[in-house]
Amino acid sequence: MRPSRICLPAVALALAACGRGPTTPAPSEEPAIVPRPAELEYTGRTVTLGPDVVVSLTGPGSELLAPALDAWTREQTDRFGIAFRPASADEEADLVLTVESVSEAPPEGYTLEVEGERARLAASDPAGLFYALRTLGQLQRRGEAPGTWTLPEIRIDDMPRFRYRGMHLDVGRHFFPVDFVKRFIDLMARYKYNRFHWHLTEDQGWRIQIDAYPRLTEVGACRAETQVEKNFDPFVGDGRQYCGYYTKEEIREVVAYAAERFVTVIPEIEMPGHSVAALAAYPELSCTGGPFEVSTMWGVKEDIYCPSEETFAFLETVLDEVLELFPSEYIHIGGDEAPKKRWEESELAQAVIDREGLADEHELQSYFIRRIERFLTSRNRRLIGWDEILEGGLAPEATVMSWRGMDGGIEAARQGHDVVMTPTSHVYFDYYQADPEGEPLAIGGLTPLDKVYGFEPVPPELTADEAGHVLGGQANVWTEYIATPEHAEYMSYPRALALAEVLWSPVEMRDWESFTRRLPSALAELDRLGVRYRPLDRR
């Protein structure tokens, strides 16, 4: 890859039009690609493909791209009426996709060239080719002749700035069906996100089937009713039972669907706090013995797992079943918002503190997390948790997800730990996007589109070595006040487009004015896909 730069039209090359039709002038402005490529050379001319396109897919590992290519070609057929077929042995392809052994090419990077009679996409790995296809899709426009499309004559050398580009979806507060989860992942992948953080357990609902503990879904997946708006005191509920969980078969379906789009699914199983749904099913795992009910009210609960051997056996059994479903290197264990009152009052918890020589309940939480980390490490997995896992001492190999601002991430990076930046200040997509007066009910806060675009995951306080521990960033979609797929999309887009550019594009390529010029084209694509995003003209 060459240094990051962009070359807008200067010299128009006299090139043929892929043998399918005449060239036509392209707009003089930069092609509307989100996220913005690292390097782009643009002649200002277009070529035309169709009504049939001959495709060649070659190179080591290229078969991994086959499902994504099949889905892409079906989409283009639906859009443009174009027929695709593989090239025969003696036939030159119009669209060439190749995985090449290029040692200097970065992971997930790619080259895209449209020149003369061919469009060529090359990468050192199948994920890079997938992203090249996603970029190609943004460049395509309907041709004048039926069943044709146009492409700009262009060369793109592209690569991601960060290796972790994530979005999160909370299904504990409100449950979302498999079809929507897959749609959520598909939209992520279109804009080069590669991590889907699936928040599966909460005080208000346990959403994953565990064979060894059937009451987790028999009891924990249902709450008696749901809090109405922000009625805490006095509590007002809707009087309707609320249930939902994913079977193992459904989870495997989602994981496979994501893998075809080069998205890794990271499950979150909360501990020691946010565990009331599990305690309702198995109260013996608490410090008080219960009884408990799956919470109907939002907020932080004082009842958490007690640090007993029975609790650790339970969690290890649960995690063993989770690991069978999710091949992700990372397993998220939460670790946030765990009040210590029950541990302070528990003879068992105090006995553990004395036995292990711990200073206080914060060190007891560190002990709890370290035990879980040892278990995950023994299974060749890595623990990731919210920044509260720093309290009392960080587990040796843990990765920190910094949400209470950037300080937790800075501290972890300085200790030599990897970090994912996800601060409330910039990437909590359950926050309002504008004046609440004209917006659907949200949990609070204010995170407009320009603030998301202004997010910088690498704090200036870090040295170069410390900054190397910042893996990337993530948007979080918490769903206390997001009950439907339509609302989840409204809260996610177009803000997810801004964050996609923050996490993919070189920092020197980020430009708010350029982004806003390219944004209408991206929104037109969301319109085509039926995404219920927040309109830009709404104030």
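Let us start with one pair of side chains: Asp186 and Arg261 form a salt bridge, and their closest N and O atoms are 3.1 Å apart. A salt bridge here is a side-chain nitrogen of Lys or Arg within 4 Å of a carboxyl oxygen of Asp or Glu. This pair links distant parts of the chain, since Asp186 sits in helix α3 (residues 178-190) and Arg261 in the loop between α5 (248-260) and β18 (264-271), 75 residues apart. Helices (H or I, at least four residues) and strands (E, at least two) are DSSP runs, numbered from the N terminus. Asp186 counts as buried at 19% relative accessibility, and Arg261 is buried as well, at 11%. Buried means under 20% relative accessible area, exposed means over 50%, and partly exposed is in between (1.4 Å probe, protein chains only).

Before going on, please note that this is a predicted model, in which local features need pLDDT of at least 70 and side-chain atom pairs count only at pLDDT 80 or more, while totals for chains, interfaces and linings use all residues. Residues are numbered from 1 along each chain as its sequence is written, and side-chain values use heavy atoms, with hydrogens and water left out.

Why do such pairs form? Side chains of opposite charge can pair when their charged atoms come close. The structure holds 43 salt bridges. Some of them join into a network that links Glu75, Arg134, Asp186, Arg190, Glu260, Arg261, Glu525 and Arg528, so our opening pair has company.

Now look at a second pair. Asp320 forms a salt bridge with Arg379, with the closest N and O atoms 3.0 Å apart. Here too distant parts of the chain are linked: Asp320 is in helix α7 (residues 309-325) and Arg379 in the loop between α10 (361-378) and β20 (382-386), 59 residues apart. Asp320 is partly exposed, with a relative accessible area of 28%, and Arg379 is partly exposed with 36%.

A third salt bridge joins Glu489 to Arg532, the closest N and O atoms being 3.2 Å apart. Glu489 lies in helix α15 (residues 485-492) and Arg532 in the segment after α17 (512-529), so the pair ties together parts that are 43 residues apart in sequence. Glu489 is buried at 2% relative accessibility, whereas Arg532 is partly exposed at 34%.

Let us return to helix α7. The expected span of a helix is 1.5 Å times one less than its number of residues. The 17 residues of α7 should therefore span 24 Å, and its end C-alpha atoms are 25 Å apart, which agrees. Which residues of α7 are buried? They are Thr311, Phe312, Phe314, Leu315, Val318, Leu319, Glu321, Val322, Leu323 and Leu325. An α-helix has 3.6 residues a turn, so residues three or four places apart point the same way. The cover over the buried residues of α7 includes β13 (205-206), α4 (215-218), α5, β18, β19 (330-334) and α10, where contact means heavy atoms within 4.5 Å.

The backbone has some special spots too. Most residues other than glycine have a negative phi, and most peptide bonds are trans. The peptide bond from Asp233 to Pro234 is cis, with omega near 5 degrees, and Pro234 is in the loop between β15 (227-232) and β16 (235-237). Another cis peptide bond joins Met271 and Pro272, with omega about -10 degrees. Pro272 is found in the loop between β18 and α6 (276-281), and His274 is found in the loop between β18 and α6 too. His274 has a positive phi of about 50 degrees although it is not a glycine, and His274 is buried, with a relative accessible area of 4%.

Finally, consider the empty spaces. A search of the whole structure finds two cavities of 30 Å³ or more. On a 1 Å grid over the protein atoms alone, a cavity is a set of points where a 1.4 Å probe fits but cannot get out, and lining residues have an atom within 4 Å of a point. Grid points are joined across faces, edges and corners, and a volume is the space filled by probe spheres set on the points. The largest cavity holds about 70 Å³, and its lining includes Glu75, Arg134, Arg190 and Glu525, which also belong to the salt-bridge network. The second largest cavity has a volume of about 30 Å³, and Glu489 is among its lining residues.

Definitions and conventions: On a 1 Å grid over the protein atoms alone, a cavity is a set of points where a 1.4 Å probe fits but cannot get out, and a pocket is an open set with protein on both sides within 12 Å along at least five of seven lines; lining residues have an atom within 4 Å of a point.
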